[in-house]
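Please look over the sequence and the 3D structure shown here before reading on.

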Amino acid sequence: MSAITLHNVVKKYGAVQVVHGVDLDIAEGEFVVLLGPSGCGKTTTLRMVAGLEDVSGGTLSIGGQVVNDVAPKDRGVAMVFQNYALYPHMSVRQNMEFALRPMKLGKAEMDRRIAQTAGILGLDALLERRPAQLSGGQRQRVAMGRAMVRTPKVFLFDEPLSNLDAKLRTQVRWEIGKLHQRLGTTVLYVTHDQVEAMTLADKIVIMRDGHVEQVGTPEEVYAAPKSTFVATFIGSPSMNMIETRATGGRLVADGLSIPVPTRFGDRVKDGQEVTLGIRPIEIQRVAENAPGAMAARVEVTEYLGNEALLDLRVGSHDLMAEVPADQRAAPGETVHVRLNETALHLFDTRSGRSLAQ
Amino acid sequence: MNKLSTRQTILIYLALGVVLIVFLMPIYLIASSSLKPSPIMFQKPPAFLFAPTFEHYQDLFAMRPFGKFILNSLIVALGSTAFSLTIGSLAAYAISRIRHKRMNDVAFWILSMRMFPPIAVVVPYYIIFKTAGLLDTPLALIIVYSTANIPLTVWLMKGFFDEVPIALEEAAAVDGYGLLETFLRVTLPLAAPGLAVSAVFCFIFSWNEFLFALMLTGSEAQTATVAVMSFWSSDAVQWGRIMAGSFIILIPGVIFVLTCQRWLVRGLTMGSVK
Amino acid sequence: MAYIRKRNRRIFLIFLLPAILVLFLTTIYPMIYAGYLSFRSYDLAKLFVPRVFVGWANYREILSSSEFLHSLVVTFKLMAMTLSVQLVLGVGIALLVVQKLPGMPLARTLLMIPMMISPVIVGLVWLFLYFPELGYLNYFLSLAGIDAIPWISSTNWALWAIAIADIWQWTPFVMMGTAAALQSLSPEPYEAAMIDGNSRWDVFTRVTLPQLKPVLVSLMFLRAIDAFKIYDIIFVLTKGGPGDSTEVLSMFIYRQSFTFWRMGVGAAASFVSLVIIVVLITLFFKSLNRDQTA
């Protein structure tokens, strides 16, 4: 049975539509990440699931029951807010108690749950403190604890790491992953950070302008992006994009001519405008006379330790290549590179959709 | 700001000294005159050292039921404060949370209710309360003072509610609380300082008010401000009693200033200066 | 993205309703009632004259009476006197008390006391000071070599006597608002001006005042609205006299209604005062909105 189902869910503010017919199926125990740039509708979608925003159209089900008109409190969800939303006038213990009280569990059971959650999250020593007396990372854990004590059917996370510094973010990210493995609860998690999405998700939902661009495992969205948007959004540094025209079985652009890989079959029509995508790591330095070698001028070199990023100029195109550090070249030098043909992504320029099967 | 030279510092303290003397002298006069024996009340130069007497205070409570008038003032002030806080903070919460362009108009309409000249509505009040048989009752004053206290509470509390993050209320909603419960358990406790400030302002305004108390009460519901004034209208001015009564009346206001002066700006300008 | 679902909006409106209802019943209804009275002859002194509809007669009477027009002039004269002195003194004192010197916070607090005192008490203590023959004010002035001033018994001085009491009570208001605004100003323009070598006066007029302007405008409007309503102090000090030298609009209404018992005429005058105050309030709100959008 699916934990959460969105069928053609729409959100409008007056005449402005911000979420356009989202379809999504989340299985029991799955960790699903809504990923996209700000304003893509991911947070609004999450808030509709939480019941904090009205659903303007379509159906939203949790645990098989349609909840469009169900109040947040009756949905059996728990949410971790971006700014944690801890009640400042209550201690950590009281924050958790406050979340438990509507469940009418009895004092002993409440205490047991709080102790258990505090144990898991390492909050035992902090239970009597107020939020103002906690560090950012501690507050974050209290926010998770407050959600966990309720043992909800679904956890909702709204950019939970965005207020932490880089080092803490990595640590808490790892903790969230571990927690999910341990509890096995369904999670819907919103972020704009692709690293969080790639490391945590069982399934990534990439959104843009209120539409779902692609749904897939982290491997799928990285290896087989369905659109230029997904291709450039996932991966760092982002994928190089070159606009070409298919001419006689080759993709031709200024200073560049590559045969259409056979796996695209006859989906590339002669004369079609095709965007060619290649990840920086798939551009290799080769000898001048190697097959497929292209001449490129090095504009900028960024040394990163293990590897180096080269800003290359090929014809009138800028390409970024990621090479082993010992292969880096000085700015102004001319080098020869080859695009790894098996890693080429082709997109129809006009629609932005992938031409892969 | 620029660093001050010693000369400038001395000049500033001198000017400040003059200002303080001018603004505090009348208050000192009330306090000292209330304790001065009548013969030296107007002695010149004024006596700074004298044997204080409590005869004026004794007279005050012996000659007229001044205790009762103070009790009336308290009943009216507390009644109006409780009523205004209840109604005002609910309205303020609604105004703070409903995002709609008309809400601004509603808020300004409520504020403008406080600004109308009381004298303009004294006649209608008089006739209405007379008809309703409410003349000379504390209830009449409680109602009338609330017209000033509700707008004040709405504006002050709106500012405090605006500062409570909505995410906290959303968290409570997801945790299983309804709107009223969320308001009472999360929002209101966090706006508690606002509630205290509003309460004090409502109390002081009602306690100090004179015009309506004069027009709408007689011997039964008379408040302390009207009673003090009545020592003046008789043929001999009883300065001792006036000063003793005045001193009692100004105590709550002075305590308020000394204890929560940091909220005064916000209250007196209705939140337009924070 | 406020948490306002449709259902909640209805509950919020229910929260709002009692306040609107109460204010309507206690303010709008009496105003409408005043409007109704203003078109009637409601003369309590003449018991047997029927209380009839008289059309615009009450309005014609007051608008053609020199007493009413005089009371308007006195009201605005008093407003001009108190506001101008409060503005200058208030800003001046604010500049003193925002200095970062020991004792200043205490001085700011003490200076706020007059505002919290009942206007009747203010009137009484100033009456004590002005009192003919006995009052201390003339004694203090005589120490400075100034002849006795007939504060409340002379038509020349009575309005000033009232103004001084009001100035004493409300200058702290301007001081307090200005000081709060001064303390929230960014220090950077001052540091820049210091480096550029501008004089103190230049800095004050070119840097400080323009930044204070919105706050000062708000404060002055609030004072003007209050000054228009002034009543208690006058009631205690002069009751409008001597002659009609201090008869402001409130006193005119009071006398018509409760001395001559001509409630209809009083109501008509009240309605005129409502119109004036509406204009003042509207101007005030407009200035607030302009600040917010600017």
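The report below goes through the chains, their contacts and one sheet.

This is a predicted model, in which local features need pLDDT of at least 70, side-chain atom pairs count only at pLDDT 80 or more, and totals for chains, interfaces and linings use all residues. Residues are numbered from 1 along each chain as its sequence is written, while chains are lettered from A and ligands numbered from 1 in the order in which they are written.

**Chain B**

Chain B holds 13 helices and zero strands. Helices (H or I, at least four residues) and strands (E, at least two) are DSSP runs, numbered from the N terminus. Along principal axes, the C-alpha atoms of chain B fill a box of roughly 70 × 70 × 35 Å. Of its 274 residues, 50% count as buried. Here a residue is buried if 20 or more other C-beta atoms lie within 10 Å of its own, exposed if 12 or fewer, and partly exposed in between, with C-beta atoms placed from the backbone.

Confidence is given as pLDDT, the predictor's value for each residue, from 0 to 100. Chain B has a mean pLDDT of 86, and 95% of its residues reach 70 or more. Within chain B, the lowest confidence is found in helix H13 (residues 264-268), with a mean of 72, and the highest in helix H3 (residues 66-97), at 93.

Two residues are in contact if their C-beta atoms, placed from the backbone, lie within 7 Å. Among the contacts in chain B with a separation of 6 or more, 78% join residues 24 or more positions apart.

**Domains**

Domain bounds come from an automatic or database domain assignment. The table lists the two chains for which domains are described.

| Chain | Domain 1 | Domain 2 | Distance between C-alpha centres |
|---|---|---|---|
| Chain A | residues 2-226 | residues 240-348 | 40 Å |
| Chain B | residues 6-53 | residues 60-268 | 32 Å |

In chain B, the contact between the domains takes six residues from domain 1 and seven residues from domain 2. The domain 1 side of that contact has three nonpolar, three polar and no charged residues. In this grouping Ala, Val, Leu, Ile, Met, Phe, Trp, Tyr, Cys and Pro count as nonpolar, Asp, Glu, Lys and Arg as charged, and the others, Gly among them, as polar.

**Contacts between chains**

How many residues of chain B are in contact with chain A? There are 14, and they meet 17 residues of chain A. Helix H7 (166-175) and helix H8 (179-190) of chain B each supply at least two residues of this side, and H7(B) gives the most, with seven residues. By class, the side of chain B that touches chain A divides into ten nonpolar, two polar and two charged residues.

Between chain C and chain B, 79 residues of chain C are in contact with 78 residues of chain B. Helix H1 (residues 6-37) of chain C provides the largest share of the chain C side, 18 residues. That side has 62 nonpolar, 13 polar and four charged residues.

Elsewhere in chain C, helix H8 (residues 188-196) has zero buried residues among its nine. After H8(C) comes C:Gly197, with a positive phi near 80°.

**A sheet in chain A**

Five strands of chain A form an open antiparallel sheet in the order S15-S19-S16-S17-S18. Two strands pair if DSSP finds at least two bridges between them. Strand S15 (283-285) and strand S18 (317-324) of chain A are at the edges with a single partner strand each, so one side of each has no neighbour in the sheet. Strand S16 (residues 294-303) and strand S17 (residues 307-314) of chain A pair in the antiparallel sense over six bridges. A:Tyr303 stands opposite A:Ala308 in S17(A).
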